[in-house]
Amino acid sequence: MTIADGPMDGSATAAAGAAAASARRARRQTIGGLLPIVAWQTLFFAVPMGILFVYSFWTMKDYRLDTTVTLANYVRIFTNPIYLKGFLLSLQVALFVTVVCGVLAFPVAYFIAKKAGRWRVLLLIMVILPFWVSLIMRAFAWRLLLGERGVINQGLELTGLIDAPFSFLLYSPTAIVIGLIYAYLPLYVLPLYASIDKVRDSWIAAAQDLNATPMRAFWEVTFPLAFPGLMVGAVFCFIFGLGEYVVPALLGGGKSLVIAQVIRMEFELRQNWPGGAAISMVLMAFIIALLALTLRWIRPEVAR
Amino acid sequence: MTAADVPMRRHGRAATRALAFYAGLVFAFLYLPIAVIVLFAFDDKTVPGLPMAGFTTQWFARAFADGELVGGLATSVRLALCSAVLATAIAMPGAMVLAWRDVKVRTVVMCLVLAPIVVPQIVIGLGLILLFRAAPGLIGEPAIIIAHTTLTACYATMILYSRLLGFKRSYIEAAMDLGASDVRVFVEIILPLAAPALVAVLLLAFTDAFGEYIVAWFVAGFTKTLPIVIWGSMRGVLSPAVNAISAVIIAVSLALSVAAQIWIIRQTRAGRA
Amino acid sequence: MRLHTRRDVLRHAGSAAMFAAIASQVDFTRPAFANDKKLTGPINVLAWTGYDDPELIKGFKELTGVDVNVKEAQSNSDQLSLIRAGTTKFDIVNPDAVWTTKFAQSGLTLPLDPADIPSLGEMFAPFRDLSDIQYDGKMYGAPTRFGMNGIVHDLDKLSAADAADANVLWDAKLKDRISIVNWAELYILMTALWQGNPKPETVVGPELEATIARLVEVKPNLRAIHDDLGSVKSDLINGDAWVVWGASSDNVARVAREAGKNVALTLPKQKGVMWMETLQIVHGTEHLASAMAYINYMTSAKALSIMAWGKEQFAVTNAGVSKYLTAEQYKLLDLDKIDEWFANSIMGKAPDDEKAWADAWEQFKAA
């Protein structure tokens with residue numbers, strides 16, 4: 001692992017020794033700071049994934065592991081349309097949810113960070129509180145809301161707006177999207193809050209004093225500073241959306257499968273750990289490539 | 001105040017009101033399913049659904065009498081607290097370095113940190129259960145804490161990182177180069193700066209660890225967390241007792257949060273007076 | 001750079017041994033069992049929900065002095081995965097009979113001697129035929145609970161006369177009205193049976209293709225394909241579905257009736273399909289005698305009556321439960337209908353070609 005330090009001021013020879021000492025110190029801090037998280041994720045994530053990576057080159061024969069190395073699992077992924085179909089559905093859902101969540105979450109985070117005054121911690125907690133109720137219960141509640149004899153359909157029928165209930169509300173991609181937007185809102189609001197909060201009111205006021213309209217002050221001061229939070233929320237939302245299993249399983253009705261359901265089918269129906277591992281590896285490679293691109297946008301100013 | 005200021009202020013106030021209204025709508029969306037859950041906790045039907053049958057509090061009595069539910073709740077709270085604190089603790093130093101130092105391997109580290117959220121949980125569960133073959137003694141509570149820390153450390157690092165990014169270099173230099181008073185600098189400068197993100201991170205990590213089922217099931221051994229108990233009763237019909245315990249969780253946490261908030265406001269007022 | 005090297009060294013030193021330990025699946029060097037005479041414990045049980053009943057565990061402890069730890073699973077495959085991983089040493093596992101081959105072929109379970117399980121003689125007649133729990137000529141499990149798969153229908157929407165013909169499921173009037181569960185073998189088997197294959201578990205090739213084509217035709221009528229049995233029940237009770245096909249129909253009907261829904265279970269003239277659940281012993285158990293005692297205890301009339309009237313109310317295989325259940329309970333569990341059921345159904349068997357059926361189910365899901 002190579003780690004470079006912050007730019008050093010080495011122009012004065014007299015200061016060179018001190019600078020070297022400070023550089024060593026900085027390196028120690030860098031390594032020391034990264035060590036816990038890197039070691040932890042290596043041991044408890046990279047190693048298990050490494051094991052499954054090895055599995056992905058093996059096969060299952062008669063429910064026993066055949067350790068002959070083969071690319072068959074990977075070939076199957078790119079030749080069987082069910083994987084591509086599942087992936088595309090996941091991709092669509094994840095993209096849509098990411099955009100909608102962002103639009104829903106930004107004003108709320110802004111309101112909590114800037115307008116809620118002392119009540120902001122309470123409001124922040126209130127954003128997350130619904131999620132302390134089991135996911136199953138929330139999904140079942142959505143079923144009661146969206147079902148054919150559910151609250152929404154009955155309400156609409158009662159007001160005479162519709163004659164027959166909407167059956168597409170539940171057990172459909174619509175239901176998956178509603179469930180996911182609901183599930184991921186806090187993932188957006190919280191990082192956004194954390195970054196909007198650091199935008200000083202005085203900066204906004206200063207911009208307005210310089211005759212900027214509130215709109216312009218927002219776009220030129222608040223938004224750029226909140227951007228990392230927005231990106232973090234978007235990255236979370238998108239990645240979670242791609243890999244999500246539970247919400248599609250409970251609300252989607254199982255008639256069209258997202259990629260996580262396809263992967264699960266591999267493990268459940270066939271007991272095919274190598275096959276399931278191979279799809280996961282491809283999915284992970286895709287996301288990591290995407291991340292590597294996206295993360296450039298949220299690079300720190302200080303590093304430049 | 002000049003005449004020109006007035007419309008702008010008024011405009012600002014209207015905008016704030018619009019913003020508050022919008023936030024109100026989003027909060028309504030967030031609490032709609034919760035309202036449904038609470039509503040059916042008081043309904044006499046054994047399987048929640050419309051039309052409602054009649055008012056009852058029997059489900060609350062049953063929930064409290066159900067050792068599995070109450071025990072699962074206690075276990076879940078305890079384990080989720082541990083993994084939230086642990087995830088935040090390992091994420092904070094990493095986020096500081098990533099945000100403030102010119103780390104060449106930043107992208108690699110970030111991918112490593114973030115990757116767990118894309119891998120389907122069943123795969124992580126299987127991977128971890130294979131890993132724990134090397135240390136089967138950890139199966140149970142320690143393994144659940146480890147698993148959830150791994151899953152939540154991603155949010156933790158990323159949220160802290162995005163918060164720390166915007167701080168001026170001078171702060172950081174001061175914070176990191178003040179020599180002997182490292183701890184003091186951390187406590188007096190960095191912690192307050194990072195506080196909003198720390199709150200957000202602890203909340204999110206706790207929430208995710210509290211509700212996660214699939215990975216937990218694989219590594220839990222015979223330990224029963226609340227989600228494991230609830231998923232376990234899925235094959236029958238979920239009893240409204242689960243609605244009742246959910247209602248209690250919401251009510252108690254709301255009450256505690258409001259009380260704490262009021263207390264804090266009183267304290268600050270008293271402090272100023 | 002130093003860090004890198006150090007990690008490399010560590011990796012090379014430890015990895016070979018570690019990896020062998022972690023990645024291999026079943027340790028065949030371990031003895032298949034230990035303690036076949038002495039009652040030792042505690043025993044670890046991996047089972048479907050229903051086994052972690054304090055009363056059941058207490059009964060076994062009183063009888064043998066051995067403690068039982070129960071971990072509940074939501075599927076056969078979760079059980080197989082956990083046993084395969086082998087991290088926790090389980091002594092007993094609880095798959096459906098049709099999964100016997102998968103466990104046995106994986107080398108994860110031990111063959112049993114029917115003579116060691118006296119309660120087998122007390123079972124209802126069809127469960128005494130142990131061919132359904134055999135692999136390679138040996139018996140691997142003892143049946144505990146069972147269920148019937150037919151058509152559960154909301155009587156306000158579909159009459160028993162209509163449901164007596166299985167083809168009603170394909171009728172356009174049931175569009176979006178049928179909920180099923182993700183139970184691959186069952187639906188392929190039932191569809192093949194209803195297409196006139198007397199031995200539906202044997203269908204492969206063009207016959208299997210015809211079966212899947214037929215199954216795909218029912219898809220527009222499906223409200224949902226759930227992963228859990230609870231959801232089909234709430235669909236039926238809340239009116240999202242008018243019909244539940246399969247999904248352990250007798251249990252679905254029982255729960256729906258209890259919730260006040262006017263439903264019936266009808267076995268169509270093309271016949272229903274039964275399933276049963278078994279207790280099997282895990283290869284490598286260190287408490288063989290206790291595990292055998294547990295199987296004997298759990299298949300006894302006394303234990304199964306507790307189980308039947310426990311949380312989930314599935315029908316049980318031991319005919320002797322009539323001694324412990326009231327007439328009303330016996331009737332509610334549909335045990336009084338058992339002869340009629342047996343006459344109008346077949347026992348579900350594992351497909352001859354598991355892989356072809358898995359492909360077929362995948363094709364159905366993707367369609």
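Which residue in E13(C) does Thr109(C) stand opposite? The partner is Val282(C), and strand E13 turns out to be a handy place to start looking around chain C. Keep in mind that this is a predicted model.

**Chain C as a whole**
- You'll find 14 helices and 15 strands in chain C.
- Its radius of gyration is 22 Å, close to the 21 Å that the globule rule gives for 367 residues, so chain C is as compact as a globular protein of that length.
- Along the principal axes, the C-alpha atoms of chain C fill a box of roughly 70 × 60 × 40 Å.
- Of the 367 residues in chain C, 54% are buried.
- Among contacts in chain C with a separation of 6 or more, 76% link residues 24 or more positions apart.

**Strand E13 and its partners**
- E13 of chain C covers residues 272–282, and 11 of its 11 residues are buried.
- E7 (residues 141–149) of chain C runs antiparallel to E13(C), with 7 bridges between them; here Pro143(C) has Thr278(C) as its bridge partner.
- E3 (residues 92–93) of chain C also pairs with E13(C) in the antiparallel sense, over 2 bridges, and Ile92(C) is matched with Ile281(C).
- E4 (residues 109–110) of chain C is another antiparallel partner of E13(C), again over 2 bridges.
- E15 (residues 345–347) of chain C runs parallel to E13(C), joined by 3 bridges, with Gly272(C) opposite Ser345(C).

**Where chains A and B touch**
- This contact takes 96 residues from chain A and 93 residues from chain B.
- Helix H1 (residues 16–55) of chain A gives the most to chain A's side, with 19 residues.
- That side of chain A has 74 nonpolar, 15 polar and 7 charged residues.

Note on methods: Residues are numbered from 1 along each chain as its sequence is written. Chains are lettered from A and ligands numbered from 1 in the order in which they are written. This is a predicted model: local features need pLDDT of at least 70, side-chain atom pairs count only at pLDDT 80 or more; totals for chains, interfaces and linings use all residues. Two residues are in contact if their C-beta atoms, placed from the backbone, lie within 7 Å. Helices (H or I, at least four residues) and strands (E, at least two) are DSSP runs, numbered from the N terminus. Ala, Val, Leu, Ile, Met, Phe, Trp, Tyr, Cys and Pro count as nonpolar, Asp, Glu, Lys and Arg as charged, and the others, Gly among them, as polar. The radius of gyration is taken over C-alpha atoms; the globule rule is 2.2 Å times the number of residues to the power 0.38. A residue is buried if 20 or more other C-beta atoms lie within 10 Å of its own, exposed if 12 or fewer, and partly exposed in between; C-beta atoms are placed from the backbone. Two strands pair if DSSP finds at least two bridges between them.
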